[in-house]
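Q: Please go through the structure shown below with me, and explain what lies behind each term that is used for it.

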Amino acid sequence: MQEAQREKAADWLPVITEFEKPFWDSLQKDQVLMIQKCEDCGHIQFPPSPVCADCLSGAVSWVPCSGKARLWSKVIFHKQYLEPYPDTPYSVVLAKLEEGPIVTGRITNENAQKTAFDGPVKIQYVKTTDGTVLVEFVPAD
Ligand SMILES: [Zn+2]
């Protein structure tokens with residue numbers, strides 16, 4: 001994990017439901033982004049759900065993602081919308097994981113500029129100043 005110090009984020013995390021808890025626990029404790037795989041049909045999904053979005057089976061398990069993705073979309077925010085993110089402009093991406101799901105994450109403005117759409121990116125885990133682990137994408141070599 002890169003020990004980049006970022007803004008405080010713990011106060012702005014969403015309400016974590018029971019079925020999302022494995023995702024958050026793994027991200028915060030192990031710095032691993034977990035996604036769900038249906039044990040009945042093999043469908044891979046994110047965000048987490050108590051059932052498979054494809055076949056509605058309740059037999060979904062957690063698997064680590066590879067961390068490899070392609071840049072699907074990016075936006076640069078020039079206005080501060082959330083208190084923990086006072087430094088504008090800042091960039092946010094949607095990245096399509098190698099496994100299929102699309103994930104939202106941070107990216108530095110510099111990396112957003114030099115990463116083309118559909119270009120290879122990978123996950124880097126960064127800690128905020130309060131210790132919250134966030135997903136950030138960086139260009140893949
Ligand atoms: Zn399924």
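A: We can start with contact, which means that heavy atoms lie within 4.5 Å. By that rule Leu97 touches Leu33, Ile35, Cys65, Lys68, Ala69, Val103 and Ile123, where residues up to four places away in sequence are not counted. The model is a predicted one, in which local features need pLDDT of at least 70 and side-chain atom pairs count only at pLDDT 80 or more, while totals for chains, interfaces and linings use all residues. Residues are numbered from 1 along each chain as its sequence is written, and side-chain values use heavy atoms, with hydrogens and water left out.

Q: What makes a set of residues a nonpolar core, and which residues have the most contacts inside the largest one?
A: A nonpolar core is a set of buried Ala, Val, Leu, Ile, Met, Phe, Trp, Tyr and Cys residues that are joined through side-chain atoms within 4.5 Å. The largest core has 21 residues, and those with the most contacts inside it are Leu27, Leu33, Leu97, Ile123, Tyr125, Val135 and Phe137. At least two of its residues come from each of α1 (21-30), β5, β6, β7 (102-107), β8 (120-128) and β9 (133-139). Another core, of 5 residues, lies apart from it and includes Tyr90, Val92, Val126 and Leu134. In soluble globular proteins, nonpolar side chains tend to be buried together.

Q: Why is the arrangement around the zinc ion called tetrahedral?
A: Donors are N, O and S atoms within 2.8 Å of the metal (3.2 Å for Na, K and Ca), and water is not among the atoms, so sites may look incomplete. Here the zinc ion is coordinated by the SG atoms of Cys38, Cys41, Cys52 and Cys55, at 2.3 to 2.4 Å. Four donors count as tetrahedral if all angles lie between 85 and 135 degrees. The 4 donor atoms around the zinc ion subtend angles of 105 to 115°, so the arrangement is tetrahedral. The ideal angle for four tetrahedral donors is 109.5 degrees.

Q: What spacing do the donors of the zinc ion follow, and which parts of the chain do Cys38 and Cys55 tie together?
A: Along the chain, the spacing of the donors is C-x2-C-x10-C-x2-C. Cys38 lies in strand β2 (residues 34-38), and Cys55 in the loop between β3 (44-45) and β4 (60-64), so this pair ties together parts that are 17 residues apart in sequence. Strands (E, at least two residues) and helices (H or I, at least four) are DSSP runs, numbered from the N terminus.

Q: Is Cys38 buried or exposed, and how do you know?
A: Buried means under 20% relative accessible area, exposed means over 50%, and partly exposed is in between (1.4 Å probe, protein chains only). Cys38 has a relative accessible area of 3%, so it is buried, whereas Cys55, with 35%, is partly exposed.

Q: Why is the aromatic pair of Phe23 and Trp24 called edge-to-face?
A: Rings of Phe, Tyr and Trp (its six-membered ring) pair if their centres lie within 6.5 Å, and planes under 30 degrees apart count as stacked, over 60 as edge-to-face and the rest as tilted. A search of the whole structure finds 4 aromatic pairs. In the pair of Phe23 and Trp24 the rings are 5.1 Å apart, centre to centre, with 75° between the planes, and the pair is edge-to-face. Both Phe23 and Trp24 are buried.

Q: What makes Phe77 and Tyr90 a stacked pair, and where in the chain do they lie?
A: Their ring centres are 5.3 Å apart and their planes differ by 25°, and the pair is stacked. Phe77 lies in strand β5 (residues 68-77) and Tyr90 in strand β6 (residues 90-97), 13 residues apart, and the pair links distant parts of the chain. Phe77 has 26% relative accessibility, so it counts as partly exposed, while Tyr90, at 9%, counts as buried.

Q: How do you know that Lys74 lies over the face of Phe117?
A: A charge sits over a ring if NZ of Lys or CZ of Arg is within 6 Å of the ring centre and within 35 degrees of the ring normal. Lys74 is at 5.2 Å from the ring centre of Phe117, and lies over the face of that ring.

Q: Why is Ser26 called buried, and which residues does it contact?
A: Ser26 has 8% relative accessibility, so it counts as buried. It is in helix α1 and, leaving aside neighbours within four places in sequence, Ser26 is in contact with Gln31, Val32 and Met34.

How values were computed: Tetrahedral: all angles 85-135°; square planar, octahedral: opposite > 155°, others 65-115°.
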